[in-house]
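Subject: Handing over the structure

Hi there,

Here is the structure I promised to pass on to you. Please have a look at it first, and then read on for my notes.

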Amino acid sequence: MIHSTQIKPMPGKILVKKLPDETTTKSGIILPTDQPVNQQYDFIEVVKVGKNIEDRPDCNIVVKPGDKCLVMGKGIYDTVKCEDGIYFIVNQSDIFVTIE
């Protein structure tokens, strides 16, 4: 099996991991979030980014590893199972916002 460090996303693609659907209170208590079944987004963290597409300067990748983002189109990305977890490949255009 491969490790996530061995994966090199193609130009315009981003390797991400899904963040858990939960909320942590100020005192550290983790509360599961009750989300509707028809939710159309996921919270993700960027792991690796592919190169920019040379012919398309308008499509330059603006996220970097460690960024937390909201990705639209729940479940439409490709799954990659690695030794260290399950990761997903998404297009930069699927990322709606970054979260600071």
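Of the 100 residues in the protein chain, 30% count as buried. Please keep in mind that this is a predicted model. The accessible surface of the chain comes to about 7000 Å², and 56% of that belongs to carbon and sulfur atoms.

**The overall fold**

The secondary structure is quick to describe: there are zero helices and eight strands. Reading along the sequence, you will meet the pattern β-β-β-β-β-β-β-β. As for contacts between residues at least 6 apart in sequence, 69% of them join residues at least 24 apart.

**The sheet**

Six strands make up an open sheet, in the order S6-S7-S1-S4-S5-S8, with antiparallel pairing. At the edges are strand S6 (78-82) and S8, each of which pairs on one side only. From one strand to the next, the twist averages 40 degrees. As a reminder, strands of a sheet pair through backbone hydrogen bonds, either parallel or antiparallel.

You may like to walk across the sheet with me, beginning at S6. S6 and S7 form a hairpin, with two residues between them. Their antiparallel pairing runs over five bridges, and within it Lys-81 stands opposite Ile-86 in S7.

Next comes the pairing of S7 with S1. Strand S1 (residues 13-18) is joined to strand S7 (residues 85-91) by four bridges, and the two run antiparallel. Here Leu-15 stands opposite Ile-89 in S7.

At the other end of the order, S5 and S8 also run antiparallel, joined by four bridges. Cys-69 has Thr-98 in S8 as its bridge partner.

**Salt bridges**

How many salt bridges does the structure hold? There are three, and I will take them in turn.

Asp-42 forms one with Lys-18, where the closest N and O atoms are 3.9 Å apart. This pair links distant parts of the chain, since Asp-42 is in strand S4 and Lys-18 in strand S1, 24 residues apart. Is Asp-42 buried or exposed? Asp-42 counts as buried because its relative accessibility is 2%, and buried means under 20%. Its partner Lys-18 has a relative accessible area of 32%, so Lys-18 is partly exposed.

In another salt bridge, the side chains of Lys-68 and Glu-45 meet at 4.0 Å, N to O. This pair too links distant parts of the chain: Lys-68 belongs to strand S5 and Glu-45 to strand S4, 23 residues apart. Lys-68 counts as partly exposed because its relative accessibility is 36%.

Glu-45 deserves a second look. Its strand, S4, covers residues 41-49. With 17% relative accessibility, Glu-45 counts as buried. What does Glu-45 touch, leaving aside residues up to four places away in sequence? The answer is Leu-15, Val-16, Lys-17, Leu-19, Gly-66, Asp-67 and Lys-68. One of these, Leu-15, is the residue that stands opposite Ile-89 in S7, and another, Lys-68, is the salt-bridge partner of Glu-45.

The remaining salt bridge brings together the side chains of Lys-64 and Asp-67, at 3.4 Å, N to O. Lys-64 is exposed because its relative accessible area is 52%, while exposed means over 50%. Asp-67 counts as buried, at 17% relative accessibility. Asp-67 is also among the residues that Glu-45 touches.

**A nonpolar patch on the surface**

Finally, please turn to the surface. Tyr-41, Met-72, Phe-96, Val-97 and Ile-99 form a nonpolar patch there, with about 420 Å² of accessible area together. Which strand gives the patch its largest share? That is strand S8 (residues 95-99), with three residues. S8 is also one of the edge strands of the sheet.

Met-72 in the patch sits in strand S5 (residues 68-72). Its relative accessibility is 32%, so Met-72 counts as partly exposed. S5 is the strand that four bridges join to S8.

If you would like a place to begin in the viewer, try the S5 and S8 pair with its four bridges, and then move on to Glu-45 in strand S4.

Enjoy exploring, and write back with any questions.

Best wishes

Terms used
Residues numbered from 1 in each chain as written. Predicted model: local features only at pLDDT ≥ 70, side-chain atom pairs only at ≥ 80, totals over all residues. Heavy atoms only, no water. Patch = residues over 30% accessible without salt bridge, like charges linked within 9 Å, V, L, I, M, F, W, Y side chains within 5 Å. Areas by Shrake-Rupley, 256 points an atom, 1.4 Å probe, with all protein chains shown as cover. Buried < 20%, exposed > 50% of the residue type's maximum accessible area, 1.4 Å probe, protein only. Pairing = 2+ DSSP bridges. Axes fitted to C-alpha atoms, helices over the stretch in contact; angles between N-to-C directions. Contact = heavy atoms within 4.5 Å.
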